[in-house]
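User: Could you take a close look at one part of this protein for me? I'm after the charged side chains and who pairs up with whom.

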Amino acid sequence: PGAPRRELRRERATDRDKALATFARDVDEALTAVIEGDDRPVVLIGGKRRVGAFRSVTRHGDRVLAEVHHSGELTGARLASLAAPALASWESGRQRVALGALDAATGQRRAADGLVEVWQQAADARIERLLVEETFHQTVGVDDDQGIVPLVAVDDDDSTIDDAVDELISRVASTGGTVSVGDDGSLGERGRIAAVLRY
């Protein structure tokens with residue numbers, strides 16, 4: 001009677017391993033669709049066996065920023081709190097790199113500061129990287145030459161753009177530039193928005 005029980009346990013273990021491998025491949029397939037065109041990293045959160053199974057099959061191992069081993073139920077809020085330390089560290093590193101690139105470009109006279117100057121450079125598709133503080137937004141008036149004037153109060157008759165920052169982000173992305181969003185105060189001396197220029 002002992003041998004059949006051992007065989008049954010082996011069969012059950014094999015079935016569990018197969019199911020886990022199928023689960024890991026399904027997750028990897030879903031991840032492929034989610035991260036297409038997105039440069040953000042991946043944080044793996046789950047039990048050790050599941051995380052290990054995913055690691056063994058994934059095509060996106062180079063995107064994994066951190067592993068957090070956690071068993072039990074995971075709500076969206078709990079997932080966010082478990083991932084937060086790794087993502088905060090990653091964001092801080094990205095911000096340092098972006099500010100370093102801006103400093104280097106300033107020394108090479110390939111930088112623009114402030115909303116009006118950055119707007120002009122975006123119109124000529126010269127922006128390689130746009131840097132903007134997280135909560136910065138600005139309503140602007142548009143003049144006849146398609147330049148902009150920041151507005152404090154908006155007249156109904158004025159030709160305006162509700163948020164020039166959102167418009168700039170779209171323009172830069174559409175011309176192949178990248179966008180870095182930083183902490184408030186990180187670009188204070190540059191008018192809260194700046195750009196690294198292609199030339």
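Which residue forms a salt bridge with Glu-29, and how far apart are the closest N and O atoms?

Analyst: Keep in mind that this is a predicted model. The partner you're after is Arg-59, and the closest N and O atoms of that salt bridge with Glu-29 are 3.3 Å apart. This pair ties together distant parts of the chain: Glu-29 sits in helix α1, while Arg-59 is in the loop between α2 (48-57) and β2 (64-69), 30 residues apart. There's a third member too, since salt bridges with shared partners join Asp-28, Glu-29 and Arg-59 into one network.

Now let's stay with helix α1 for another pair. Arg-10 and Glu-7 meet through their side chains in a salt bridge, at 2.7 Å from N to O. Why do they line up? They are 3 residues apart in helix α1 (residues 2-35), so about one helical turn separates them. Arg-10 is partly exposed, with 47% relative accessible area, and Glu-7 also counts as partly exposed, at 36%.

A further salt bridge joins Arg-40 and Asp-38, whose closest N and O atoms are 2.5 Å apart. Asp-38 is partly exposed as well, with a relative accessibility of 21%. In total, the structure holds 12 salt bridges.

Arginines turn up over rings, too. Arg-126 lies over the face of Tyr-199, 4.5 Å from the ring centre, and Arg-171 lies over the face of Trp-119, at 4.3 Å from the ring centre.

Terms used: Residues are numbered from 1 along each chain as its sequence is written. This is a predicted model: local features need pLDDT of at least 70, side-chain atom pairs count only at pLDDT 80 or more; totals for chains, interfaces and linings use all residues. Side-chain values use heavy atoms; hydrogens and water are left out. A charge sits over a ring if NZ of Lys or CZ of Arg is within 6 Å of the ring centre and within 35 degrees of the ring normal. A salt bridge is a side-chain nitrogen of Lys or Arg within 4 Å of a carboxyl oxygen of Asp or Glu. Helices (H or I, at least four residues) and strands (E, at least two) are DSSP runs, numbered from the N terminus. Buried means under 20% relative accessible area, exposed over 50%, partly exposed in between (1.4 Å probe, protein chains only).
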